[in-house]
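Here are a few exercises to work through with the model open beside you. Try each one before reading on.

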Amino acid sequence: MKKPKSKRKKSIPLFLVPKVRKRHVLPIFQAFEIPWKLFSEGVLRNRFFHEEIMNRGPKCLACDRHFNGEKAAVSSKIEKHHHCYLRLCIGKLLPPDSDDIYRQAKDGEFPLVPDCRRCKAENPEYYQGCIKKIFPVHGKCHEDIHELEKLLFTNLKKKLRADFLSAANL
């Protein structure tokens with residue numbers, strides 16, 4: 001039995017799709033693995049950063065529907081979505097018992113959390129660059145964004161392969 005089609009807007013704005021996939025960035029930043037993981041993973045567990053992201057607006061940028069609340073069509077889990085992974089954290093680390101830790105790392109997750117509150121005070125322009133790379137979106141919309149990302153990169157791979165074979169046969 002097929003699931004009924006969603007009435008949600010299906011057109012995902014392309015600016016939400018990362019231009020470089022997360023798994024492709026770490027090899028570029030191998031010499032900066034900790035600062036890269038602090039931005040790509042650790043920042044998501046910082047309470048101060050989390051609250052600033054969640055207060056960016058009342059609507060999901062992927063579907064243009066309201067988040068949870070009286071104007072929401074449905075209540076949904078809200079996730080933080082990176083539209084860019086090409087950033088390094090330059091901040092200090094939070095101590096493990098800090099109140100600014102939103103949640104502890106799960107098994108296999110990067111355990112360190114940056115001190116985003118301090119970074120905002122000491123490096124406000126850099127901090128704003130971090131905030132601009134992460135958006136709150138509905139959980140289902142987050143899945144849809146990454147499905148579109150996968151499709152676009154698969155199509156690009158096929159095109160590059162075809163272009164290479166065409167050029168190789170000249």
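Buried means under 20% relative accessible area, exposed over 50%, and partly exposed in between, with a 1.4 Å probe and protein chains only. Helices (H or I, at least four residues) and strands (E, at least two) are DSSP runs, numbered from the N terminus. The model is predicted, so local features need pLDDT of at least 70 and side-chain atom pairs count only at pLDDT 80 or more, while totals for chains, interfaces and linings use all residues. Residues are numbered from 1 along each chain as its sequence is written, and side-chain values use heavy atoms, leaving out hydrogens and water.

**Exercise 1. Find the buried residues of H2 and say which elements they pack against.**

Step 1: Go to helix H2 (33-40). Trp36, Lys37, Leu38, Phe39 and Ser40 are buried there.

Step 2: Look for contacts, that is, heavy atoms within 4.5 Å. The buried residues of H2 pack against helix H1 (22-25), E1, H5 and strand E2 (134-138).

Step 3: Put that in the whole chain. The protein has six helices and two strands, in the order α-α-α-β-α-α-β-α from the N terminus.

**Exercise 2. Work out which helices supply at least two residues of the largest nonpolar core.**

Step 1: Set the rule. A nonpolar core is a set of buried Ala, Val, Leu, Ile, Met, Phe, Trp, Tyr and Cys residues joined through side-chain atoms within 4.5 Å.

Step 2: Apply it. The largest core has 15 residues, and Phe39, Val43, Phe49, Cys116, Tyr127 and Ile134 have the most contacts inside it. H2, H3 (47-54), H4 (116-122) and H5 (124-131) each supply at least two of its residues. A second, separate core of 11 residues includes Val17, Phe67, Cys141 and Ile145.

Step 3: Zoom in on Val43. Skipping neighbours within four places in sequence, Val43 contacts Leu38, Phe49, Pro114, Cys116 and Ile134.

**Exercise 3. Is Arg87 buried or exposed, and what does its side chain reach?**

Step 1: Locate Arg87 in the loop between strand E1 (78-82) and H4. Its relative accessible area is 13%, so Arg87 is buried.

Step 2: List the surroundings. Beyond four places in sequence, Arg87 is in contact with Phe29, Trp36, Phe39, Tyr126, Gly129, Cys130 and Lys133. Arg87 and Cys130 are 43 residues apart along the chain, yet their C-alpha atoms are separated by 7.5 Å.

Step 3: Check the side chain, which reaches the backbone oxygen of Tyr126 at 2.6 Å.

Step 4: Try His83, in the loop between E1 and H4 too. The His83 side chain reaches the backbone oxygen of Lys132 at 3.1 Å.

**Exercise 4. Which residues lie nearest the centre of the largest pocket, and which are closest to the centre of the largest cavity?**

Step 1: Sort out the terms. On a 1 Å grid over the protein atoms alone, a cavity is a set of points where a 1.4 Å probe fits but cannot get out; a pocket is an open set with protein on both sides within 12 Å along at least five of seven lines, and lining residues have an atom within 4 Å of a point.

Step 2: Take the pocket. Of its 20 lining residues, Leu44, Glu79, Lys80, Arg103 and His142 lie nearest the centre. E1 gives the largest share of the lining, five residues.

Step 3: Take the cavity. Among 14 lining residues, Val43, Cys89, Cys116, Cys119 and Cys130 are closest to its centre. H5 gives the largest share here, three residues.

Key. A polar contact is a pair of N or O atoms within 3.5 Å; within protein, one must be able to donate a hydrogen and the other to accept it, and residues adjacent in sequence count only if both atoms are side-chain atoms.
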